[in-house]
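Reader: Before me is a single model, and I would like a close look at one part of it. Please choose one helix and describe carefully how it is placed against its surroundings.

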Amino acid sequence: MPTVACIGGSMAYKLMADGTLSGERLGPQETPFGPSAAVYELGEGTTAMYFLSRHGERGYHQAPRFINHRANIWALKSLGVERILSWSGPGAISRKMTPGSVVVIDDLIDETRHRQDTFFEHGGLGFIRQAPVFCDTCRDALLAAAEKTGLLVHAKGVYACTEGPRLETPGEIRKLAVFGADLVGMSLAPEVFLARELEMCYAAVCYVTNYAEGVVKRPYQAGLRFEGMTTAGEDSAIAATVEHLPQLIRNAVETLTLAPKRTCPCSQAMARYRRRGDIGDDWRKWIEPGGGA
Ligand SMILES: [Zn+2]
């Protein structure tokens, strides 16, 4: 069974509809937090993976703040997944991150406000260190795969996660720039934090879809994508990058499937609680009062 999963972001539904991503549909998985998004099993051998489309199977039906992140992460853990790779399409605050370029982010600022962001509502668990934010082994695999595409790749970047569904104001983007954010999106928190709570590895590759509000001057154009925040040239660059995503992910999955057993901090995130006797070996019981100890 695969031990690597991919959570596909924007455009995953398009790649599924046109057959670029195809496999067996296992469907939504039941979890203590309700049903997950539909899970698929793709590929075979060293490129086998579970796949889940974050925003829907046939279109952008699920805005980030309404996604059941806990159900999605729990479902993948239940299937035996140890490592999660994801993609998302944020906007650029840094001008050097041009639309269509790829960023293997290494840090995150969580500006979300209304999300269920922990599994641990009982027991005082979850006081977990967040550096490195993303699994270095998974980041290395994504970076090597990204560099094979020939696209412009940035090996680092700070992603700010906003609540949405609306886009950010110019003032908010100026604030995030002061904070050191390079990119702004709505998808990766609390996904990355929830994965760590269940001792799963997580890393994300971003493809830049636009300049964030106010970074470049663009007139308001009703009825167009993001009301005119992108040019036609940028739209073609973005579409070309999206075509590379399935192979990029397959290459990274293969690297991780062939990688040695995990020794990264992610796999030991809850070790302190285990050692203290607060939780037992069955991770499914960690969310219960007493933690299954
Ligand atoms: Zn890891």
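Author: Angles under 35 degrees count as roughly parallel, over 145 as roughly antiparallel and 65 to 115 as roughly perpendicular, while the rest count as oblique. With that in hand, consider helix α3 in this predicted model. Helix α3 covers residues 136–147, and its 12 residues reach 16 Å from the first C-alpha to the last, close to the 16 Å expected at 1.5 Å a residue. Its buried residues are Thr 137, Cys 138, Arg 139, Ala 141, Leu 142, Leu 143, Ala 145 and Ala 146. These buried residues pack against four strands, namely β5 (83–88), β7 (102–103), β9 (153–154) and β12 (201–207), and also against helix α6.

The pairing with α6 can be followed further. The axes of α3 and α6 come within 8 Å and cross at roughly 135°, and the two helices are therefore oblique to each other; the crossing in which α3 passes α6 is right-handed. On the α3 side, the residues that take part are Cys 138, Ala 141, Leu 142, Ala 144, Ala 145 and Ala 146, and they meet Leu 248, Asn 251, Ala 252, Thr 255 and Leu 256 in α6.

Leu 142 also has a place in the wider interior, for in the largest nonpolar core, which has 90 residues, Leu 142 is among the three that touch the most other members, together with Ala 5 and Leu 183. Helix α6 (residues 232–257) gives this core its largest share, 9 residues. In soluble globular proteins, nonpolar side chains tend to be buried together.

Key
Residues numbered from 1 in each chain as written. Predicted model: local features only at pLDDT ≥ 70, side-chain atom pairs only at ≥ 80, totals over all residues. Core = buried A, V, L, I, M, F, W, Y, C linked by C-beta atoms within 7 Å. Buried ≥ 20, exposed ≤ 12 C-beta atoms within 10 Å, placed from the backbone. Expected span 1.5 Å × (residues − 1). Contact = placed C-beta atoms within 7 Å. Axes fitted to C-alpha atoms, helices over the stretch in contact; angles between N-to-C directions. Left-handed = near helix turned anticlockwise from the far one by under 90°.
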